[in-house]
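Here's a quick tour for anyone opening this structure for the first time. Have a look at the sequence and the model, then read on.

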Amino acid sequence: MAYETIIVDVENHVALITLNRPDALNALSDHLLTELADAMSACQANEKVRCIVLTGSEKAFAAGADIAMMRDKTFVEAFSGDLFTPETEQILRVRKPIIAAVSGYALGGGAELAMMCDFIICSETAKFGQPEINLGVMAGIGGTQRLTRFVGKSKAMDMNLTGRFMDADEAERSGLVSRVVSTKKLLDEALGAAHKIAEKSMITTMAIKESVNRSYEVSLREGLLFERRVFHSLFATEDQSEGMSAFLEKREAQFRDR
C-alpha cells in the first residue's frame with residue numbers, strides 16, 4: 001500500500017517504517033497516525049516481517065503532535081473522538097518486536113511514540129522532552145505514565161513540569177534508551193539489532209515481549225508466576241527442542257516458529 005506520510009520497506013524479514021513529514025519535523029497528524037497504525041497492523045499480519053524498526057529523519061524522529069491539528073479542538077471533540085486512542089491502541093496490539101531509532105528531536109508525542117516501542121536506540125544528537133506544559137496542556141499518550149516508569153518520578157516530574165529536554169547521554173543513564181551511537185551508524189545499529197531478533201524463534205520473541213510488558217501491570221509475585229508459566233509453555237514448541245539441540249551440537253539453530 002502507498003502511504004503519504006510514512007515510507008515502508010521490508011527486507012530480510014525486517015520492516016523499516018520511516019516517518020515522512022519533513023516540512024513539519026514529522027509532527028504526528030491524524031493522517032500520519034492513521035497510516036502508521038495501518039502499517040503496523042500490516043506488518044503484524046505479514047508473515048515475512050519478524051521485527052519492525054521505526055525511525056524519522058536525522059533532524060527529528062518526531063517533534064510532537066501536530067499543534068495546528070489540535071489547536072481548535074474543544075473538550076467535547078477531543079473526548080468524544082477519544083483523541084489519539086484508536087491509533088495508539090492499534091500500535092500497542094502489535095506483538096512483534098518494535099525498535100525505535102531516534103535521531104534529533106523526539107518531543108511530546110514523538111517521545112511518547114518512541115516509548116511505545118519495545119526499546120529505543122538513539123543517536124548522539126537525540127533530544128527527548130515532554131514540553132506540552134508550554135502549550136497549556138499535558139502529555140496525553142504516555143508522557144506522564146510510561147516516562148515515569150522508565151526514568152523515575154523525579155525526572156518525569158522535572159521534564160513534564162519544566163518542559164526541559166533530556167539529551168542522549170542522560171537518556172541512556174536514565175534507562176530511557178538502550179544504547180547511543182553516532183548519527184551515521186544509527187540506522188545500521190537498529191537494523192542490525194532487528195536482524196538479530198529476526199533470526200530467533202518468533203514464538204519466543206513474542207512471549208518475551210508479552211512478559212516484559214506484563215511486569216509494568218502486575219505485582220512482582222504475579223509477574224514472576226506469569227513469566228514462569230510462559231517459560232514452561234515454551235517446552236511444548238519445536239523451537240525449544242531445536243534451540244537446545246543446536247546448542248549442545250555446537251551449530252546454529254534453525255527455528256521454524258513451531
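By class, how many nonpolar, polar and charged residues are in the lining of the largest cavity? There are six nonpolar and two polar residues, and no charged ones. Keep in mind that this is a predicted model. Below you'll find the cavities, then the pockets, then a pair of helices that pack together.

**The cavities**

- The structure has two cavities of 30 Å³ or more.
- The largest cavity comes in at about 40 Å³.
- Its lining is made up of Ala111, Met115, Phe128, Gly129, Gln130, Leu147, Met159 and Leu176.
- At least two of those lining residues come from α5, and at least two come from β8 (127-129).
- The second largest cavity holds about 30 Å³ of space.
- To find the second largest cavity, look for Leu28, Leu33, Thr88, Gly109, Leu113, Met116 and Ile141, which line it.
- Helix α5 is the top contributor to the lining of the second largest cavity, giving three residues.
- No charged residues line the second largest cavity; its lining has five nonpolar and two polar residues.

**The largest pocket**

- The largest pocket contains about 1000 Å³ of space.
- It is lined by 38 residues, and the ones closest to its centre are Cys117, Asp118, Lys209, Val212 and Asn213.
- Five elements each give at least two residues to this lining: α4 (85-92), α5 (109-116), β7 (119-123), α6 (146-151) and α10 (202-214).
- Of these, α10 provides the largest share, with nine residues.
- Charged residues do turn up here: the lining of the largest pocket has 11 of them, along with 19 nonpolar and eight polar residues.

**The second largest pocket**

- The second largest pocket has about 620 Å³ of volume.
- Its lining counts 26 residues, and nearest the centre you'll find Met70, Glu132, Leu135, Val137 and Met138.
- Helices α2 (67-70), α3 (75-80) and α5 each contribute at least two residues to the lining of the second largest pocket.
- Sorted by class, that lining has 16 nonpolar, five polar and five charged residues.

**Two helices side by side**

- Helix α1 (residues 30-45) packs against α4 with an axis-to-axis distance of 9 Å and an angle of about 20°.
- Why do α1 and α4 count as roughly parallel to each other? Their angle is about 20°, and angles under 35 degrees count as roughly parallel, so the two helices fit that description.
- The crossing of α1 past α4 is left-handed.
- On the α1 side, the residues that meet α4 are Leu33, Thr34, Leu36, Ala37, Asp38, Met40 and Ser41, while α4 brings Glu87, Gln90 and Ile91.
- By class, this contact has five nonpolar, three polar and two charged residues.

**Residues and helices to look at again**

- Leu33 is worth a second look: it meets α4 as part of α1, and it also lines the second largest cavity.
- Helix α5 turns up in several places, including the linings of the largest pocket, the second largest pocket and the largest cavity.
- Helix α4 packs with α1 and also supplies at least two residues of the lining of the largest pocket.

Note on methods:
Residues numbered from 1 in each chain as written. Predicted model: local features only at pLDDT ≥ 70, side-chain atom pairs only at ≥ 80, totals over all residues. Heavy atoms only, no water. 1 Å grid on protein atoms, 1.4 Å probe; cavity = no way out; pocket = protein on both sides within 12 Å on 5 of 7 lines; lining within 4 Å. Points joined across faces, edges and corners; volume = space filled by probe spheres on them. Helix = DSSP H or I, 4+ residues; strand = E, 2+ residues; numbered from the N terminus. Nonpolar A, V, L, I, M, F, W, Y, C, P; charged D, E, K, R; others polar. Axes fitted to C-alpha atoms, helices over the stretch in contact; angles between N-to-C directions. Parallel < 35°, antiparallel > 145°, perpendicular 65-115°, else oblique. Left-handed = near helix turned anticlockwise from the far one by under 90°. Contact = heavy atoms within 4.5 Å.
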